[in-house]
Structures are given as C-alpha cells and as structure tokens.
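Open the model in your viewer and get your selection tool ready. We will make a few stops together, starting on the inside and ending at the surface.

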Amino acid sequence: ASMDGNPVQVPDSAEVFDAPVQDVLLALRTGNQALFRNSSSRLIGLGLGLTPSGDDFLGGVFFSLAALHKAYPLFDLAALWNYPDFILRSKHLTHLISFTLLKDHAAGFGIEPLHTFLNGLLTGSPLDEILVAAGELVTLGHSTGWDLLTGCLAGLSVLSSSQSVEL
C-alpha cells in the first residue's frame, strides 16, 4: 500500500510497462497532450518500493523536460501539458517519498549524476564523462537509476517532435 493506505500497482512483468512507455514516447514526439496524460497516469505508482519504476521513469522524463525548458526558454513545454498539476493530482497513487521526488524532478532538481549526465548530453561533454555519470546513476537503488536514466533519455525525444519547435 502507498503511504496513504491506497493500493500500489504491482506489475506481473516488464511487459506491463511497454505500452504506457511507448505511448509516452509517441506523445512526446507528436505533442499529443491527452496521450501523454493518459499514458503517464498508467505509470504513476506502477512497480514496487518507495519509488516505483513507473514513477522513476516519469521523474526522468520530467527532469529532461525541465532542463530543456531552462536551457531553451522559448521551447514551450507547457504547450505539451501541465505535468506539475498532473503530479499534484496523482499524489494518492504513489508513496509520499516518490511523490516528492516527482515534484523535485519536474522542478529540475535531481541527484548529481542525473544533472551531470543530462548536462553532458546537452553541452557536448566528452563521452567518457557522460558514461561515468550514467554509470554512477544506474547504481542508485534496485532499479531507480536505470529507470531515471531511461526516462531522462525518453524526455529528450521531445526534440524529435513532428511539430516545428524553434530552439
């Protein structure tokens, strides 16, 4: 159960994540707000532990979007959807710790290896520095680091949007 006593979704296998993750990627590339909201809703609270895999993946997505918005202020991510509002409305679906981390990631706050990894990608840092940061990131928790890394990369797929975006 989550911190407030509500049930937490427990997947039978990784296959449960496939469809909503694919839909998040499609929504990011096409700017489809409804699909992004719906697929993200299916991921909140999905998995075990204080920070379920679905939350960690979304945390990585939100962190990327926040970083892109900070680096490119004219890149209007609000046009995609209001994900901070979504996080607040989803509080009852996950643990308090995970909810807090989702809010932090959406505001652009995260652990140092996540910052180093994404900043390295966005600024063209040497590959060995990016790989060191990724290696440090994936050691976090049972799967948290991998999920954050995957979500972070997924968030960058908004750059391949079929909508014209000026950076």
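Start by selecting Leu43, Phe57, Val61 and Phe62: in this predicted model, these residues touch the most other members of the largest nonpolar core, which has 40 residues. Now color the helices that feed this core. Helix 1 (15–30), helix 2 (33–43), helix 3 (53–71), helix 4 (83–89), helix 5, helix 6 (112–123), helix 7 (127–137) and helix 8 (144–156) each supply at least two of its residues. Which helix gives the most to the core? That is helix 3, with nine residues.

Next, keep helix 3 on display and pick phenylalanine 62, which lies in that helix. Is phenylalanine 62 buried or exposed? Its relative accessibility is 0%, so phenylalanine 62 counts as buried, the cut-off being under 20%. Add glycine 151 to the selection and draw a distance between the two C-alpha atoms: the separation is 8.0 Å, although phenylalanine 62 and glycine 151 are 89 residues apart along the chain.

Glycine 151 also turns up at the next stop, valine 61. Leaving aside residues up to four places away in sequence, valine 61 touches Val24, Leu28 and Phe36, and also Gly151, Cys152, Ala154 and Gly155.

Finally, switch on the surface and select Leu50, Ile97 and Leu101. Together they form a nonpolar surface patch with about 240 Å² of accessible area. Zoom in on leucine 101, which you will find in helix 5 (residues 96–106). Leucine 101 has 34% relative accessibility and therefore counts as partly exposed, a class that runs between the 20% and 50% cut-offs.

Methods: Residues numbered from 1 in each chain as written. Predicted model: local features only at pLDDT ≥ 70, side-chain atom pairs only at ≥ 80, totals over all residues. Heavy atoms only, no water. Patch = residues over 30% accessible without salt bridge, like charges linked within 9 Å, V, L, I, M, F, W, Y side chains within 5 Å. Areas by Shrake-Rupley, 256 points an atom, 1.4 Å probe, with all protein chains shown as cover. Salt bridge = Lys/Arg side-chain N within 4 Å of Asp/Glu carboxyl O. Helix = DSSP H or I, 4+ residues; strand = E, 2+ residues; numbered from the N terminus. Buried < 20%, exposed > 50% of the residue type's maximum accessible area, 1.4 Å probe, protein only. Core = buried A, V, L, I, M, F, W, Y, C linked by side-chain atoms within 4.5 Å. Contact = heavy atoms within 4.5 Å.
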